[in-house]
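Hi,

Here is the structure I promised to pass on. Please have a look at it first, and my notes follow below.

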Amino acid sequence: MNPDDFSDAAAGRLMKVGHSEAAFHAFVPAPLPPVLNLDTPLVLTLSAADRAIGELAGLGRTLSNIRLFVNPFVRQEAVLSSRIEGTRTDLAGLYEFEAGQRPGDADAQEVFNYVLALEYGLERLQSLPVSLRLMREVHARLMESVRGGQATPGEFRRSQNWIGAPGDTPVGARYVPPPVPEMLEALDQLERYLHVPADLPPLVRLALVHYQFEAIHPFLDGNGRMGRLLMTLLLASWGVLPHPLLNLSVYFEARRAQYYDHLMAVSTSGSWRDWLQFFLRGVAVQAQDAVLRARRLQDLRAGWLETLQARKASATSVRLMEALFDHPVLTIPAAQRLLGVGYPAAKANVDKLVHAGILKPTGDERYRKAFVAHDLMWIVSGVDGGVAELLFSP
Ligand SMILES: Nc1ncnc2c1ncn2[C@@H]1O[C@H](COP(=O)(O)OP(=O)(O)OP(=O)(O)O)[C@@H](O)[C@H]1O
């Protein structure tokens with residue numbers, strides 16, 4: 001980190017660590033909240049983001065079958081949040097892993113851990129507020145038995161880390177977070193900030209907290225994913241979005257360099273305004289996108305129901321169709337478990353969904369025993385997020 005890049009408006013202070021050639025600078029973020037200047041364009045973007053998230057939350061409350069749609073949204077977020085850090089598994093790969101089709105796939109295991117960690121965190125919110133303890137517990141799930149064994153799951157770091165290219169040292173790294181004692185103090189301050197009554201609109205607080213968490217970088221590994229997962233937990237705990245339907249990582253992944261540059265610019269120059277503008281626009285775009293996708297999933301379910309009813313399908317087939325929203329990649333043994341029936345009955349019901357055009361056998365020789373609900377996966381992961389972007393106008 002070059003101290004010359006940091007201006008007087010930096011969102012914290014630089015510290016020199018070590019001596020002579022091994023000396024480097026680390027950044028210690030100032031406690032939240034910063035002094036903010038919410039100008040008119042920013043207020044308009046905040047208002048658009050608030051409206052969009054309100055509509056999404058409303059949809060979550062009014063759709064009786066919203067539970068069906070949460071699972072695919074959570075998985076898409078897990079896939080994209082992990083992809084920002086280079087994991088290659090896609091949505092189909094994650095579902096194949098869950099269906100037992102990819103044993104030993106370390107990438108898919110990491111993405112699945114994200115799902116488990118998020119589900120754990122949402123459940124834990126019933127008994128524990130968002131706090132340092134919750135962060136450690138969720139991190140333990142996220143990093144459970146991951147590759148490398150360096151991650152110290154569930155523990156804040158006890159040594160210096162840094163963000164940079166492989167082989168970088170803290171001397172040449174792009175960003176160096178606070179040394180351990182300052183990190184612990186910054187974490188305490190962050191926790192206190194999380195517990196104070198709302199001083200700013202929740203979406204603004206969310207952007208501040210995300211920056212602060214990343215600037216502190218409190219774990220040896222998994223900070224990007226933890227910071228993004230934390231946003232879903234905060235939205236739920238503040239009652240802004242009770243169901244995890246916002247896929248902010250889709251937005252960040254598509255603009256990864258900008259995302260990183262904005263975080264850096266807050267540290268070096270206190271560019272809170274630009275970070276907020278970028279972040280709030282992301283919330284608005286992704287909330288609108290989620291509303292569109294949830295409606296399409298609802299239409300898909302209604303269409304499938306109609307098809308099955310026209311074919312005089314049994315209640316068991318309808319049950320299996322609904323189970324596809326949780327298991328869009330299905331094997332016959334999985335259908336057996338879901339329906340609580342024997343192999344022949346499970347196979348007969350899967351065949352009915354195949355004949356109705358709902359499920360397709362996968363063509364791949366390795367997965368020949370699996371069946372896939374392609375339409376459902378396409379709605380969740382299809383590359384049409386641009387629609388919401390076009391609709392966006394603050
Ligand atoms: N300049 C920066 N300042 C603060 N945080 C940043 C900066 N650039 C990127 N980040 C955040 O750090 C994350 C990546 O951190 P890092 O490369 O250390 O990965 P990690 O700690 O192993 O975590 P994970 O693998 O989940 O991202 C990014 O996803 C982003 O959220």
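The ligand occupies the largest pocket (on a 1 Å grid over the protein atoms alone, an open set of points with protein on both sides within 12 Å along at least five of seven lines; a molecule sits there if more than half of its atoms lie within 2 Å of its grid points). This is a predicted model, where local features need pLDDT of at least 70, side-chain atom pairs count only at pLDDT 80 or more, and totals for chains, interfaces and linings use all residues. Residues are numbered from 1 along each chain as its sequence is written, and side-chain values use heavy atoms, with hydrogens and water left out.

Around the ligand there are 15 residues, with Glu85, Asp221, Asn223, Arg225 and Tyr259 the closest (a heavy atom within 4 Å). By class, six of the shell residues are nonpolar, four polar and five charged. Helix H8 (223–237) and helix H10 (256–269) each give at least two residues to this shell.

Three side chains place a polar atom by a ligand oxygen: Glu85 at 2.6 Å, Arg225 at 2.8 Å and Tyr259 at 2.8 Å (polar contacts are N or O pairs within 3.5 Å). The protein buries 90% of the 620 Å² that the ligand exposes when taken alone (Shrake-Rupley, 1.4 Å probe).

There is also an open sheet of three strands, ordered E3-E5-E4 with antiparallel pairing (strands are DSSP runs of at least two residues, helices of at least four; pairing needs at least two bridges). Its edge strands are E3 (329–331) and E4 (360–361). Two bridges link E4 to E5 (370–372), and Pro361 has Phe371 as its bridge partner in E5.

Best wishes

Methods
Polar contact = N/O pair within 3.5 Å; in protein donor to acceptor, adjacent residues only side chain to side chain. 1 Å grid on protein atoms, 1.4 Å probe; cavity = no way out; pocket = protein on both sides within 12 Å on 5 of 7 lines; lining within 4 Å. Nonpolar A, V, L, I, M, F, W, Y, C, P; charged D, E, K, R; others polar.
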